Amino acid sequence: MPTMYSLLSLPQTSTGFSSIRATVIDSTHEGSRRDQHRAPIKVPIIGSYVAPPINGSEPFALVKRCISIILTKDTTDVLPATYEGIYNACRAVVTVANNGEGLYQALKLELEKSMGRTAKELSEASAADGIDYITYFVSLCEWFESEISLLRSLLTFLDQVYVLNNPKHLNIRNLAYSLFSDRVFENPRIAIRLRKSIADWVTWERNLRLEHDGRAQIPLFLGHILAHKQYSAFEEYYVKITQDFYTNESAKSAESMKNNPMAFFKHAHLRIEEEIQRSKTLFPVGSWAIIRETTERALWTGRVQWLSNGTLGPYMNVNDTATLATMYALFSRVDGVKALCSAFRAHIQVVVQKIVMDAARDDEMVQRLLDLKALADTTISSAFVDEPKGVVQGSTTAPPPKQPNHDFIYALSDSFAIGFKARRNKPAEMIAKFLDKTMRRGQGGSSDAAFEALLDSALALYRFTDDKDVFRTFYHRALAKRLLLEKSASDDFEVAMLKKLKEQYDPEFGMGEDMFKDLALSRESMRDYHSRLGDNSPACKLHVMVLQRSAWPFAIQKMSLDLPPNMQADLTAYTDFYKHKHSGHTLDWDHALGTATLIGRFKPGDKELSVSLYQAIVLLLFNETAELRFPDIANQTRMDDGELRRTLQSLACGKKKVLRKIPPGRDINDEDTFRFNASFEDPRPKVHINSIQAKVTPEESRRTQTSIEGDRKHYLDAAIVRVMKARKEMTYEQLKAATIDAVKNHFVPQVDVIKKRIDSLVETDYLERSKKDRNTFLYVA
């Protein structure tokens, strides 16, 4: 083992340490002596250490050579060093030789050369435009990005040490990508070829409506342009060619399908779905909405009103709410809801007018209107709906239901109201008659809730009519008949209906309450009267209803009628009883609504006949003889001619012929003879043949309408006088507007009728024209 002395020995040219005695000797050295003091030798060194100069040209050249080889596509040269060697060489250049700037500039120069070669290859590529060129471009991008990734790994010390400490320089990736963008994407020839290739591909798919075999290259292409931050420019171009394509197609399709808007809608909807599917398959999420909106606007712009007018009606007629919901969703994204709502209003209005004007089907009018209203309500609630406002996206709670668009609800009300005006008064009359039939028929097998819903739906139609007085008059008369003839299915529903009409529609329906009071008092009066009779008295079968004239819609009967003596005697006895209890009251008998029950003795068997009083009087005549002529019946009953003919028609020409008419026929003539039908038969023991009494005849409807017109004149006169009394002086236009406002809760008068009433009041000295202005009226006190 060498000694410390030998280690510190200097060349023989100097004897600086030769005179120093060795004091430290290795204990294992053969023949050496142990040092007694064992003290270390201290060698002071004067001056600082100076490293010898290092030559960095070799690692620099190595790294530069490797960069050139890596950035040369399809080169046959082999890297002169391993990846580890390149890595260490880069470290030596940057940290030892401190030549990071030179290496950075060399890298930049090589990148510029490589990008120049790449741009030339892309601009002069022999690949055909379209998917082939896109494929070639993708392959170059993949080569470039992989090589840049390799360089970043090998030149880590340059990227993470030198560049990081020099903010003015871009890192390797950003430098390479910026040079790629400048040389490749900014190259006009390459940009044109890329755009043309994208246009060729997407046009091929759109025209053939197929997926291209090379479609898989598109997501790769998009990924590369996203990496190079060129996607926004591509998206802008793609959106433009999409708009141009579908704008042209929309124009061509609209022309070829101008007589078939439903076919155009289906075609355009399918096109939108195809474009949405293409964007979802190939494009980033952020582009989906932009592409869809562009497609929709290109297809729908200028076509929404035409499509709405031409398709909404047919779709509603077949109850295709699913397609209408799709149409609403599509049109709402292109500001087309107003056009759709306008078409909805026009369609409903036209259908309502057709129903109202179809006089041949008046009996079906209300049911058809109800069906239309139900269809429209369903369409609005299921198709024309919007997301509720204020809903938090991503909330874990169940989403609230969609809300119907209120514009369509208002449009429905307007269209029904306008449609009803096509035939004034009639809709209100038919609604009242429909309710009358419904209340007579009752709920049947339906539940109370279902029956009430039916009544409410009919009342909903009542809101659309301006002729409130017409409805009130016909409903009042029908209610009176139902109560007097005991034809109502349920008194509870009658009371509930009157309460609803009074509270929610018209306070004047409170008159119905007086009807029920009269019936209750009449039943009490009859119990008192019957208690005073003997058990076997024929008058025990008499039931009289005493009604207040103000509460019931019946005029005083002016025509006389001869009753059988026994009937007349019973009525006279009751009259005396009533006057004894109510002195000062006058009873006017109205036999038009009277009923009777007779026993008919026929050969097949006896029947209990439920008939009107008029029918009973006629049938009782045949107790004395089996055959009577029309003039004889008229002389013996002294019944009104029209009423007698209707009565004989119901007995001899209806389904239940208890009399035979000679000669047979539907009309009653003066020469006709009537004979008792002894062979009459019916499977039921009780036979009702008094339905004619409950029906509203056309003549009765005309009389009611005439009465309503007369009442309207009084309404208008009173309203005009009341307004003029308060204002004293008004122009014609002011008076007209004030009059309409005063009577609008009863009816909406026509302007010419108001003018006639004003002229009438001037003639009767309630008003006078101003001498200064003939268009101004003054109130005459």
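Visitor: How much space lies in the second largest cavity?
Guide: This is a predicted model. A search of the whole structure finds 2 cavities of 30 Å³ or more. The space in the second largest cavity is about 40 Å³.

Visitor: Which class, nonpolar, polar or charged, has 4 residues in the lining of that second largest cavity?
Guide: The lining includes Phe420, Lys421, Arg424, Asp466 and Asp467. Lys, Arg and Asp count as charged, whereas Phe counts as nonpolar. By class, the lining has 2 nonpolar residues, 1 polar residue and 4 that are charged.

Visitor: Which helix gives the largest share of the largest nonpolar core?
Guide: This core has 80 residues. Trp300, Phe344, Phe384, Phe416, Phe471 and Tyr475 touch the most other members. The largest share, 9 residues, comes from residues 337-357, helix α15.

Visitor: How many residues are in the second, separate core?
Guide: Tyr133, Phe157, Leu175 and Ala199 are among its members. The total for this second core is 63 residues.

Visitor: Which Phe is in contact with Tyr475, leaving aside neighbours within four places in sequence?
Guide: Contact needs heavy atoms within 4.5 Å. The partners of Tyr475 include Ala432, Leu435, Arg482 and Glu494. Met497, Leu498 and Leu501 are also among them. The Phe in contact with Tyr475 is Phe509.

Visitor: What radius of gyration does the chain have?
Guide: The C-alpha atoms fill a box of roughly 180 × 75 × 75 Å along the principal axes. A compact globule of 781 residues would have a radius of gyration near 28 Å. The chain has 53 Å.

Conventions. Residues are numbered from 1 along each chain as its sequence is written. This is a predicted model: local features need pLDDT of at least 70, side-chain atom pairs count only at pLDDT 80 or more; totals for chains, interfaces and linings use all residues. Side-chain values use heavy atoms; hydrogens and water are left out. A nonpolar core is a set of buried Ala, Val, Leu, Ile, Met, Phe, Trp, Tyr and Cys residues joined through side-chain atoms within 4.5 Å. Buried means under 20% relative accessible area, exposed over 50%, partly exposed in between (1.4 Å probe, protein chains only). Helices (H or I, at least four residues) and strands (E, at least two) are DSSP runs, numbered from the N terminus. On a 1 Å grid over the protein atoms alone, a cavity is a set of points where a 1.4 Å probe fits but cannot get out, and a pocket is an open set with protein on both sides within 12 Å along at least five of seven lines; lining residues have an atom within 4 Å of a point. Grid points are joined across faces, edges and corners, and a volume is the space filled by probe spheres set on the points. The radius of gyration is taken over C-alpha atoms; the globule rule is 2.2 Å times the number of residues to the power 0.38.
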